[in-house]
Structures are given as structure tokens and as C-alpha cells.
Amino acid sequence: MSEPLLSVTGLVKSYPGQRARSVDEVSFTIGRGEVLGLVGESGSGKSTTARCVAALVRPDSGSVLLDGQEVTRARGRELRALRARMQMVFQDPYSSLNPRMTVEALVGEGLIVQRIECTASARRSRVIELLELVGLSADHLGRYPRSFSGGQRQRIAIARALAVSPELLICDEPVSSLDVSMQAQVLNLFRDLRERLGLSMLFIAHDLAVVRYICDRVAVMEHGRIVELGHRDQVYAAPVHPYTRALLDAVPLPDPRAERARRAAQSA
């Protein structure tokens with residue numbers, strides 16, 4: 001087997017005033033072209049883990065290797081080069097996009113930072129290509145984020161993340177702020193991008209149905225620790241940890257009669 005694209009080992013992060021660690025000895029790998037789902041309730045440490053992996057937060061200890069290169073000790077040019085290889089899509093497209101920047105400036109900013117496509121015309125062509133890739137068009141170049149729906153804003157955020165051709169996308173609850181119809185469209189976009197671009201993803205969510213739809217393997221997080229890790233079908237069909245079973249039991253069934261029968265069986 002080839003070496004994983006991302007290897008996280010013994011990751012620890014705590015904050016002043018906390019009784020427990022936000023991230024406590026977390027370890028996992030992500031293969032090339034693989035999507036790993038990280039699930040758990042709010043406060044379980046998912047987002048802190050993502051920010052440590054993306055070098056937005058420095059961990060207290062542990063290792064994050066991207067293609068064998070240590071992320072946690074990188075600085076300056078080395079860190080900038082690593083960040084071109086892994087990009088983050090945040091939860092809230094309303095706050096993650098600068099309202100004073102046009103779509104062209106937002107999507108093209110990474111190209112300037114990473115010194116890619118240095119001429120204005122080349123940048124504009126690349127931005128148009130990215131917008132079309134995520135289902136938007138050149139007509140949107142001069143518009144501001146306030147002109148778009150939540151789903152469209154998240155598409156812009158995805159285009160911005162893809163601008164520097166990353167190998168790894170770190171997606172922190174990227175559909176949780178969208179309505180159900182928009183969630184389905186954005187999830188299908190992620191699946192399509194994975195196939196077309198060969199992307200690896202760390203996909204964070206609290207909705208287990210979302211994770212099952214898009215991920216290959218699932219890591220379940222509770223109180224800063226990964227309590228279960230396995231193939232998607234294995235975890236959903238035969239969960240081992242009580243916390244995983246509790247999360248699955250909390251997912252409503254689409255058939256109301258089946259849901260009533262399950263609740264009756266649980267209360268018996």
C-alpha cells in the first residue's frame with residue numbers, strides 16, 4: 001500500500017481554563033483520494049482537530065504529516081507552500097467571505113498569495129474556470145457575497161479553496177448552515193470534485209447521514225478522543241462503541257412508522 005497523504009499522530013490541544021483537553025491523543029490517516037468523516041456532537045473537538053491539521057492552530061504536541069512533511073513545525077515559506085496543498089472550507093459562508101471583496105477578488109486572492117497566475121488576465125481566466133467548476137459563471141465575477149444565497153456562497157468558498165489546486169480539502173461542517181435542498185446540491189458537488197480532481201478530504205459533520213453519503217471511512221469523536229474508527233459500512237452496520245450507537249440511534253428514520261417502532265423498542 002502507498003503511504004497516506006495525511007498522517008496525524010498523538011495530536012493534543014488544550015486551552016487555558018479548560019478542565020479537559022479539546023483534542024486528546026488523536027491519531028488517524030487519510031489516503032490519496034480518500035474521504036474520512038469526523039463525526040461527533042458539538043464540543044467534541046472536531047473543529048479544533050481540523051484547525052490543528054490546517055496549521056491555523058498550533059497543537060500542544062503530536063505530529064501532522066502531509067505527504068511525509070511535518071506541518072506543526074513549518075514556518076514562513078515552508079508553511080505557505082504546505083497551505084497550498086491543503087485548503088479549508090468553513091462552516092458558515094456568511095462569515096468566511098469578506099463582504100467588501102468581489103467574487104473575482106475572493107477566489108483569486110489565493111493565486112496572488114501563492115504567486116500563481118501573476119498577470120491579471122491569467123488570474124481572471126483561472127477564476128472563471130473555478131466558478132464554472134462549482135456551478136457558477138463569469139457573470140458573478142463583479143458581484144459581492146451579499147448578492148448570493150447560502151448555497152451559492154458556499155460554492156464560492158469551495159472555488160476559493162480549489163484555486164491553488166490543493167491535494168487535501170478540510171471541510172468543517174460545510175453544509176450544516178444550509179437548508180436540506182442546498183445541502184444535497186453541495187454534497188453532490190463535493191462528490192463530483194473528488195472524482196474529477198482526485199481530492200482527499202477530511203469531512204467534519206455532526207449529521208451521520210451526510211457522512212455516510214460522502215465518506216469512505218468514519219472516525220467518531222467524543223470528549224476530544226476518537227472512540228471508533230472504521231469503514232463507513234462497518235461503523236454504521238455494527239458500531240462497537242456505545243457513543244457511536246447512541247449517535248446512530250439519534251438519527252431519525254425517513255419512514256415515520258419505522259421511526260415510531262424503533263422508539264417503542266428503545267423505551268420497552
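**Exercise 1. Work out how helix H1 is covered and where it sits.**

Let's start with the helix itself: H1 is mostly covered, with six of its eight residues buried. This is a predicted model, so please read every value here as computed from it.

Step 1. Which residues of H1 are buried? They are Lys46, Thr48, Thr49, Ala50, Cys52 and Val53. Buried here means under 20% relative accessible area.

Step 2. Next, look at what the helix packs against. H1, residues 46-53, lies across strands E1 (6-13), E2 and E4. Its direction makes an angle of about 120 degrees with E1.

Step 3. Finally, follow the chain out of the helix. Just after H1, Ala55 has a positive phi of about 65 degrees.

**Exercise 2. Trace the sheet that holds E1, E2 and E4, and find its edges.**

Step 1. Write down the strand order. The sheet is open, has four strands in the order E2-E1-E4-E5, and pairs antiparallel.

Step 2. Pick out the edge strands. E2 (23-30) and E5 (69-70) each pair on one side only.

Step 3. Zoom in on the E5 end. E4, residues 61-66, runs antiparallel to E5 and is joined to it by two bridges. Which residue of E5 stands opposite Leu66? Gln69 does.

**Exercise 3. Describe the largest nonpolar core and the parts of the chain that build it.**

Step 1. Find its best-connected members. The core has 48 residues, and those touching the most other members are Val107, Leu131, Ile158, Leu162, Leu169, Phe190 and Phe203.

Step 2. Ask which helix gives the most to this core. Helix H6 (residues 150-162) does, with six residues.

Step 3. Check the domains. Domain 1 (1-85 + 167-240) and domain 2 (95-165) each supply at least three residues to this core.

Step 4. Set the other core beside it. Apart from the largest core lies another of 30 residues, including Val26, Phe28, Ala54 and Leu168.

Step 5. Take Leu169 as a close-up. Leaving aside residues up to four places away in sequence, Leu169 touches Gln87, Val89, Ala161, Leu162, Phe190, Leu199, Ser200, Met201 and Leu202.

**Exercise 4. Judge the overall build of the chain.**

Step 1. Count the elements: the protein chain has 11 helices and 10 strands.

Step 2. Compare the radius of gyration with the globule rule. The value is 19 Å, close to the 18 Å given by the rule for 268 residues, so the chain is as compact as a globular protein of that length.

Step 3. Add the burial: 48% of the 268 residues are buried.

Step 4. Look at contact range. Among contacts with a separation of 6 or more, 64% link residues 24 or more positions apart.

How values were computed
Residues numbered from 1 in each chain as written. Predicted model: local features only at pLDDT ≥ 70, side-chain atom pairs only at ≥ 80, totals over all residues. Heavy atoms only, no water. Pairing = 2+ DSSP bridges. Contact = heavy atoms within 4.5 Å. Axes fitted to C-alpha atoms, helices over the stretch in contact; angles between N-to-C directions. Core = buried A, V, L, I, M, F, W, Y, C linked by side-chain atoms within 4.5 Å. Buried < 20%, exposed > 50% of the residue type's maximum accessible area, 1.4 Å probe, protein only. Domains from an automatic or database assignment. Rg over C-alpha atoms; globule rule 2.2 N^0.38 Å.
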